[in-house]
Amino acid sequence: MELRTVYFEHPGSETTESTLCIARKRAEELDIKKILVASTSGATAVRAMDVITGVEVIVVSHVTGLREADSQEFKEENRRIIESKKGVILTTAHAFGGLSAAMRNKYNTYVLGMIIADTLRVFGQGVKVACEIALMAADSGLVRTDEDVISIGGTGHGADTAILLRPVNSHNFFNLKVKEILCKPHLS
């Protein structure tokens, strides 16, 4: 089998449109029913709702309180737009963060979740994000663990990575299967 992977010259938001189009095209080819999109403020997700059609779009946001106690970075205006276009928004604890971040903050030590996250970053921040949001969506019952999905992440702002994977619940992390890397930044 021969497949095409697109490598972007730089990470970040300038590749969002291309990433979304690549994901949409591959979803059509494989008859994928759900696409996951990581989005902090909701801006990337709003764009995804316009570009990605014919499949369910599940947007995964940062957990409330990540940057500041009781603060949610996802803008209400973007939430209204996404929900009006039948998108689903998931806000839940980060699969690799959560208690691992608490251990790092209190005891200045790294535990398994942070080590896994750092290991996935070897392939790029977007790959780590795409894998993590797939776990979060499976744990929340928004995706099945017996159906492939496309998961979209990014580096900083926007989307620059799309992967095809078979999601698992976080307690089965080592069964996660990344089947294809559709696009990602070229890391220099």
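Here are some worked exercises on the structure above.

**Ground rules**

This is a predicted model, where local features need pLDDT of at least 70 and side-chain atom pairs count only at pLDDT 80 or more, while totals for chains, interfaces and linings use all residues. Residues are numbered from 1 along each chain as its sequence is written, and side-chain values use heavy atoms, with hydrogens and water left out.

**Exercise 1. Work out the overall fold and check whether the radius of gyration agrees with that of a compact globule.**

Step 1: take stock of the secondary structure. The protein has six helices and seven strands. Helices (H or I, at least four residues) and strands (E, at least two) are DSSP runs, numbered from the N terminus. Along the sequence they come in the order β-α-β-α-β-α-β-α-α-α-β-β-β.

Step 2: do the globule check. For 188 residues, the rule puts a compact globule near 16 Å, and the protein has 16 Å, so the two agree. The radius is taken over C-alpha atoms, and the rule is 2.2 Å times the number of residues to the power 0.38. Along the principal axes, the C-alpha atoms fill a box of roughly 45 × 40 × 35 Å.

Step 3: look at burial and surface. Of the 188 residues, 46% are buried. Buried means under 20% relative accessible area, exposed over 50%, and partly exposed in between (1.4 Å probe, protein chains only). The accessible surface comes to about 9900 Å², and carbon and sulfur atoms own 50% of that. These areas come from the Shrake-Rupley method with a 1.4 Å probe; for residues, only the protein chains shown count as cover.

Step 4: see how far apart in sequence the contacts reach. Among contacts with a separation of 6 or more, 59% are between residues 24 or more positions apart. Contact means heavy atoms within 4.5 Å.

**Exercise 2. Find out which residues of H3 are buried and what covers them.**

Step 1: list the buried ones. In helix H3 (residues 76-84) they are Asn78, Arg79 and Ile82. Looking down the axis of H3, these buried residues fall within an arc of 105°, so they line one face of the helix. The arc is that of the directions from the helix axis to the C-beta atoms.

Step 2: flip to the other side. The face turned away from the buried side of H3 carries exposed Glu77, Arg80 and Ser84.

Step 3: find the cover. It includes helix H2 (43-51), strand S3 (56-61) and strand S4 (88-91).

**Exercise 3. Check the span of H6 against the expected 21 Å and say how many of its residues are buried.**

Step 1: helix H6 (residues 125-139) has 15 residues and reaches 21 Å from first C-alpha to last, close to the 21 Å expected at 1.5 Å a residue. That expectation is 1.5 Å times one less than the number of residues.

Step 2: 13 of the 15 residues of H6 are buried, so the helix is largely enclosed by the rest of the structure.

Step 3: after H6 comes Gly141, with a positive phi near 80°.

**Exercise 4. Place Leu36 and list its contacts beyond four places in sequence.**

Step 1: Leu36 sits in strand S2 (residues 34-38). Its relative accessibility is 0%, so Leu36 counts as buried.

Step 2: leaving aside neighbours within four places, Leu36 touches Ile58, Ile133, Ala134, Ala137, Val143, Val149, Ile150, Ser151 and Ile152.

Step 3: pick Val149 from that list. Leu36 and Val149 are 113 residues apart in sequence, yet 7.4 Å apart in space, C-alpha to C-alpha.

**Exercise 5. Locate Thr15 and find what its side chain has for polar company.**

Step 1: Thr15 is in the loop between strand S1 (6-8) and helix H1 (16-30). With 6% relative accessibility, Thr15 counts as buried.

Step 2: a polar atom of the Thr15 side chain lies 2.8 Å from the backbone oxygen of Gly12.

Step 3: beyond four places in sequence, Thr15 is in contact with Phe8, His10, Ala159 and Asp160.

**Exercise 6. Are Asp31 and Lys86 buried or exposed, and what sign does phi take at Asp31 and Lys86?**

Step 1: recall the background. Most residues other than glycine have a negative phi.

Step 2: Asp31, in the loop between H1 and S2, has a positive phi of about 60° without being a glycine. Asp31 is exposed, at 51% relative accessible area.

Step 3: Lys86, in the loop between H3 and S4, isn't a glycine either, and its phi is positive at about 70°. Lys86 is exposed too, at 68%.

Conventions. A polar contact is a pair of N or O atoms within 3.5 Å; within protein, one must be able to donate a hydrogen and the other to accept it, and residues adjacent in sequence count only if both atoms are side-chain atoms.
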